[in-house]
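Keep the viewer open and follow the stops below in order. Each one says what to select and what is there.

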Amino acid sequence: MRTYELRAYTLSSREAFDSYRTVHYPRHPTGFAHHGVGLHGLWTAQDGSLVLYALVSYAEGEDPEKVAERFMRSAEFQADMAGFDPSTIADVTTTRFKPSAGSPLL
């Protein structure tokens, strides 16, 4: 069974948020595929906060932290983030999930 993780990226400005949400993060799925990461959705809060939520998954038996580190060192990630100032990501939080019985993500 895959490991699921909700990642919340808090950006420091509206400009950085819009760029990350519409340009840079949407580039990740191609690189994710090379690293065994699945992207299941991107969300923003209805209150307009500067937080981008991503539901991702990792292959069974993989350590999500190690996979993320490998991905962030990859040429794909560097290309995805070209032109983006990473210091505008003020915070990243992660919550790991396991699907409950009846979940369509099993």
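Select Y20 and Y25: both are buried. Bear in mind that this is a predicted model. Show the two rings. Y20 and Y25 form an aromatic pair with an edge-to-face arrangement. Their centres lie 5.6 Å apart, and the angle between the planes is 80°.

Now widen the selection. Which residues do ring pairs link into a cluster with Y20 and Y25? Add Y9, F32, F71, F77 and F84, and the cluster is on screen. The structure holds seven aromatic pairs.

**The pocket**

Keep the rings shown and turn to the largest pocket, with a volume of about 300 Å³. Its lining counts 17 residues. Pick R7, Y9, Y20, M72 and F77, which are the closest to the pocket centre. Y9, Y20 and F77 are familiar from the ring cluster.

Next, colour by element. Which elements give two or more residues to this lining? They are strands and helices from along the chain: β1 (3-11), α2 (28-34), β3 (51-58), α3 (64-73) and β4 (89-97). The largest share comes from α3, with three residues.

Then colour the lining by residue class. The split is 15 nonpolar, one polar and one charged. R7, among the residues closest to the centre, returns below in a salt-bridge network.

**The loop after α3**

Move to S74. This residue sits in the loop between α3 and α4 (75-80). Buried or exposed? S74 is buried, because its relative accessible area is 8%, below the 20% cut-off. Show the side chains of S74 and E76. A polar contact of 3.1 Å joins them.

**The salt bridges**

Side chains of opposite charge can pair when their charged atoms come close. There are five salt bridges to look for here.

Start with R96 and E5. Their closest N and O atoms are 3.2 Å apart. The pair links distant parts of the chain: R96 belongs to strand β4, E5 to strand β1, and 91 residues separate them. Switch on a surface and compare the two ends. E5 has 2% relative accessibility, so it counts as buried. R96 is partly exposed, with a relative accessible area of 42%.

Stay on R96 and add E65. Here the side chains of R96 and E65 meet in a salt bridge, at 3.7 Å from N to O. Why does this pair tie together separate parts of the sequence? Because R96 lies in strand β4 while E65 lies in helix α3, the bridge spans parts that are 31 residues apart. E65 is exposed, at 51% relative accessible area.

Now select E5, R7, E65 and R96 together. Salt bridges that share partners join these four into one network. Keep R7 highlighted and bring the pocket back: R7 is one of the residues closest to its centre.

For the last stop, select R70 and E62. Their side chains form a salt bridge, 3.4 Å from N to O. Check the surface at both ends. R70 is partly exposed, with 35% relative accessible area. E62 also counts as partly exposed, at 33%.

Terms used: Residues are numbered from 1 along each chain as its sequence is written. This is a predicted model: local features need pLDDT of at least 70, side-chain atom pairs count only at pLDDT 80 or more; totals for chains, interfaces and linings use all residues. Side-chain values use heavy atoms; hydrogens and water are left out. On a 1 Å grid over the protein atoms alone, a cavity is a set of points where a 1.4 Å probe fits but cannot get out, and a pocket is an open set with protein on both sides within 12 Å along at least five of seven lines; lining residues have an atom within 4 Å of a point. Grid points are joined across faces, edges and corners, and a volume is the space filled by probe spheres set on the points. Helices (H or I, at least four residues) and strands (E, at least two) are DSSP runs, numbered from the N terminus. Ala, Val, Leu, Ile, Met, Phe, Trp, Tyr, Cys and Pro count as nonpolar, Asp, Glu, Lys and Arg as charged, and the others, Gly among them, as polar. Rings of Phe, Tyr and Trp (its six-membered ring) pair if their centres lie within 6.5 Å; planes under 30 degrees apart count as stacked, over 60 as edge-to-face and the rest as tilted. Buried means under 20% relative accessible area, exposed over 50%, partly exposed in between (1.4 Å probe, protein chains only). A polar contact is a pair of N or O atoms within 3.5 Å; within protein, one must be able to donate a hydrogen and the other to accept it, and residues adjacent in sequence count only if both atoms are side-chain atoms.
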